[in-house]
Amino acid sequence: MDDYLKDFVQESEDHITELNNALLDLESDPNDEAAMDSIFRTAHTIKGNCGAMGFTAAADLSHAIEDLLDEMRAGRVGVTPETMDEVFEGVDTLELMVEEVREHEEPQTDPREVIDTIRGVIEDAPGPDVRIEEPSETEIETTLQAVEGPAQPEQSVYHVRLAVTEDDDAYHLL
């Protein structure tokens, strides 16, 4: 095995250990922002290293994991035991692929099923619960009074009111 592969394997093993430890921290405290930031940085590094070495399948798996973590960090996917199981499954598969690089100088495992499962978690996420509340007349008047006049005398300020309703989980302007 050449030095690049040895370095890749060693660094990947270190990053995977770091990733697993931070994932355990996040699992025990889903609000741990430091753990989430560490997880995201480490996953991003693993993805880049896999891509740089030409291990496309491993990079694709890393990318899927990173996307799921990004959705979790943004609050669009919950940090639940089920979601964490999928993340751990992805990391375990990456770990296996790195071990295969050590033994065969390239990954042997096809991660497509794991990638599809992770992408499915993202697609099935309900997304944020967005509610638009109609402002009171007082709130509207307060907001309008706070609007300064135009900088140029030839410009005008217009007050436009839109009625917004919820229809099939999408908001439409009437």
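Student: How many salt bridges does a search of the whole structure find?

Tutor: In this predicted model, a search of the whole structure finds 8 salt bridges, among them the pair formed by the side chains of R119 and D67.

Student: Why is the pairing of R119 and D67 called a salt bridge?

Tutor: The term requires a side-chain nitrogen of Lys or Arg within 4 Å of a carboxyl oxygen of Asp or Glu; the side chains of R119 and D67 meet at 2.5 Å, N to O, so the pair satisfies that cut-off. R119 lies in helix α5 and D67 in helix α3, so the salt bridge ties together parts that are 52 residues apart in sequence.

Student: Are R119 and D67 buried, partly exposed or exposed, and how do you know?

Tutor: Partly exposed is the class between 20% and 50% relative accessible area; R119 has 26% relative accessibility and therefore counts as partly exposed, and D67, with a relative accessible area of 23%, is partly exposed as well.

Student: What makes E71 buried?

Tutor: Buried means under 20% relative accessible area, and E71, which is found in helix α3 (residues 56–73), has 17% relative accessibility, so E71 counts as buried.

Student: Why is the meeting of E71 and R76 called both a polar contact and a salt bridge?

Tutor: The side chains of E71 and R76 make a polar contact at 2.8 Å, which is within the 3.5 Å limit for a pair of N or O atoms; they also meet in a salt bridge at 2.8 Å, N to O, because that value is within 4 Å as well. R76, with a relative accessible area of 34%, is partly exposed, and, leaving aside neighbours within four places in sequence, E71 is in contact with R76, V77 and I122.

Student: How do you know that D110 and R112 form a salt bridge, and which exposure class does each have?

Tutor: The closest N and O atoms of D110 and R112 are 2.4 Å apart, which is within 4 Å, so the pair counts as a salt bridge. D110, at 45% relative accessibility, counts as partly exposed, whereas R112, at 57%, counts as exposed because the cut-off for that class is over 50%.

Student: Which residues touch the most other members of the largest nonpolar core?

Tutor: Of its 38 residues, L23, L26, L61, I65, L69, M72 and V87 touch the most other members, and α1 (3–28), α2 (33–52), α3, α4 (81–104) and α5 (112–124) each supply at least two residues of this core.

Definitions and conventions
Residues are numbered from 1 along each chain as its sequence is written. This is a predicted model: local features need pLDDT of at least 70, side-chain atom pairs count only at pLDDT 80 or more; totals for chains, interfaces and linings use all residues. Side-chain values use heavy atoms; hydrogens and water are left out. Helices (H or I, at least four residues) and strands (E, at least two) are DSSP runs, numbered from the N terminus. Buried means under 20% relative accessible area, exposed over 50%, partly exposed in between (1.4 Å probe, protein chains only). A polar contact is a pair of N or O atoms within 3.5 Å; within protein, one must be able to donate a hydrogen and the other to accept it, and residues adjacent in sequence count only if both atoms are side-chain atoms. Contact means heavy atoms within 4.5 Å. A nonpolar core is a set of buried Ala, Val, Leu, Ile, Met, Phe, Trp, Tyr and Cys residues joined through side-chain atoms within 4.5 Å.
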